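Good morning, and thank you for joining this short presentation. I shall take you through a structure that is new to this group, beginning with the place where its chains meet.

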Amino acid sequence: MTALLDVRDLTVAFETPRGRTEVVRDVSFELAPGASLGIVGESGSGKSMTSLAVMDLLPPGATRRGSIRLAGTELTTLPPREMRKVRGARVAMIFQDPLSCLNPYYTVGLQISEAYRAHRPRATRREARRAAVEAMERVHIPHAAERVDHYPHQFSGGMRQRVMIAMALSGEPELLIADEPTTALDVTVQKQILDLIAEIRRDTGAGLVMITHDLAVVSEIADDVLVMQHGDVVEQGGAEQVFSRPRHPYTRRLLEAVPRIDDPLVGPGGAR
Amino acid sequence: MSETVMRATGLVKEFGGGGLRRRRPFRAVDDVSFAIPRGQTLALVGESGSGKSTTARMAAHLVEPTAGRIELEGEDVTRLRAEALARFRSRVQVVFQDPFSSLNPRHSVEQIVTAPLRYQGRRVPGGERAFTRALMERVGLDPDHSRRLPRQFSGGQAQRIGIARALAVDPSVVICDEAVSALDVSVQAQVIELLVRLQAEQQLSYLFIAHDLAVVRQIAQQVAVMSQGRVVESGPREQVFDAPQHEYTRALLGAVPRIPAEWDAARRAMVEQQTVQEEMA
């Protein structure tokens, strides 16, 4: 079976007046259709750059090398016009901060409708609006028919992230790339959003690449795990294998450092 | 029960309100009471908007309470002026979330950590250089870097500078306002370890503000759970975490993502086995 996403020897570098800096080095991974991959690492590990490179959304000054195939189609050589069609329609991205991705001057309904119409040039405004309400219902935003006319600032952080997910789903993507989608959220809201993402994957069969610093989150959602450090993949494999039999010292250190909510308490001071 | 070092009773903080339209003020903190036992850590946990940070700011004398009372070592410190406030600051210090925005970027470590003493018009014991070197060593920084600027340090090291500055005045209470929240997990573990060691060494008391329950469980002996400006549940750590009474506490604990226990058990068994093998070899 063709992989949904097949990344080979991906390298991302920044050209600066003082020379070239590689922030991602020779990253390779494969994602089967409907599967989920967690890319974990600490700050500066290159995990976000990896996901931006897949979407061809690297910041100015950054270059990428290597091969990125989506269901067999090479993305790195696609003309920008074609790549725009891939983004949103076949691959959708969810970011950490929904407020910076939503336009504060337009209602969320208009923004979801626009995303919907971008993939369906023939759709009428009325159809798009109806689709926006349906999309909001699908991500469990209460009173969607009224909320569709509200502005982003009238939503809480969790509800805004639901709006972003509704927009991301408007093109019926095969692949979702989520970059720290719950990092800015409270823990109870985080759980709701993770549950929503799981529900959507069940319903649509979309694949998921989740970028996060949170190992516990990865352990709950990912089939496969990629551990990155300073731009290199230091370990990759099935989630159970990486978590229960980590091979690389860095993975071991990382797993050792995560505070556990259920571990037996040791000593009066607490810390181990 | 050990002696109480800081006690807050019926703290209230209201923002806004009044004006021409006589709007009702927003009550960010609503009747919050707590006690910090000497040499221990009280954690205020809650989600955004719970009022935990505002409570910490009142305890630190950074915002004035609308109502309520704060006592420090038996003395009423709710309202303080100039000189009394300076004395308060030598007994209560704060470590903030973002070390870089809370450290003067143009000042060297030496200037930063001796600043609290200078502001309070106190002599730096043993001279600034020796004092700074000793402090840096205590918080796990290289004393030879005392002339460096904050940006020459990593996030975790910068937070150690923030801790060193707090310790410079030899306080009895240190208020940690999300002090480890912005740090990477491996760095976070080291800073928590440092805070625990310092507490053991000199009977420090912490008011520890955090949203991360797993971190709180590691460091705090006493826990107060806040929601919408109120403490909904408080008590010893074992009680709050192992037998939560309030529905909100249960929801909060239930929402924490968890690494499957059997994966952890397998990993620990493997690491242990390898250590034994290495020792035999």
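**A salt bridge between the chains, and what surrounds it**

Let me begin with one pair of residues: A:Glu256 and B:Arg267 form a salt bridge, and their closest N and O atoms are 3.2 Å apart. I should say at once that the model is predicted. As general background, side chains of opposite charge can pair when their charged atoms come close.

How many salt bridges does the rule find across the interface of chain B and chain A? There are four. Polar contacts add to this picture, with 17 residue pairs found across the interface, both members at pLDDT 80 or more.

Which elements of chain B provide this side of the interface? Those giving two or more residues are helix H7 (185-202), helix H8 (213-219), helix H9 (237-242), helix H10 (247-255) and helix H11 (261-280). H7(B) gives the most, with eight residues. By class, the side of chain B that touches chain A comprises 21 nonpolar, seven polar and ten charged residues.

I turn now to the extent of the interface. In contact with one another are 38 residues of chain B and 39 residues of chain A. The two chains bury about 3,500 Å² between them, and 56% of that is on carbon and sulfur atoms. Within chain B, the residues that lose the most area to chain A are B:Arg217, B:Trp263 and B:Arg267, which together account for 20% of what that side buries. B:Arg267 is therefore a residue we have met twice: it also belongs to the salt bridge with which I opened.

Let us next consider each chain as a whole. Chain A has eleven helices and ten strands. Its C-alpha trace spans about 60 × 50 × 45 Å along the principal axes. For 272 residues, a compact globule would have a radius of gyration near 19 Å, and the 20 Å of chain A agrees with this.

Chain B likewise contains eleven helices and ten strands. Its radius of gyration is 21 Å, close to the 19 Å that the globule rule gives for 281 residues, so chain B is as compact as a globular protein of that length. Along its principal axes, the C-alpha trace of chain B spans about 80 × 55 × 40 Å.

One sheet in chain B merits a closer look. Four strands form an open, antiparallel sheet in the order S2-S1-S4-S5. Strand S2 (26-37) and strand S5 (75-76) are its edge strands, each pairing on one side only. Strand S4 (residues 67-72) pairs with S5(B) in the antiparallel sense over two bridges, and B:Glu75 in S5(B) is the bridge partner of B:Leu72.

Finally, I return to salt bridges, of which the structure holds 33 over all chains. One of them joins B:Glu14 to B:Arg27, with the closest N and O atoms 2.8 Å apart. B:Glu14 lies in strand S1 (residues 4-15) and B:Arg27 in strand S2 of chain B, so this pair ties together parts that are 13 residues apart in sequence.

How values were computed: Residues numbered from 1 in each chain as written. Chains lettered and ligands numbered in written order. Predicted model: local features only at pLDDT ≥ 70, side-chain atom pairs only at ≥ 80, totals over all residues. Heavy atoms only, no water. Contact = heavy atoms within 4.5 Å. Buried area = accessible area lost by both parts, 1.4 Å probe. Salt bridge = Lys/Arg side-chain N within 4 Å of Asp/Glu carboxyl O. Polar contact = N/O pair within 3.5 Å; in protein donor to acceptor, adjacent residues only side chain to side chain. Nonpolar A, V, L, I, M, F, W, Y, C, P; charged D, E, K, R; others polar. Pairing = 2+ DSSP bridges. Rg over C-alpha atoms; globule rule 2.2 N^0.38 Å.
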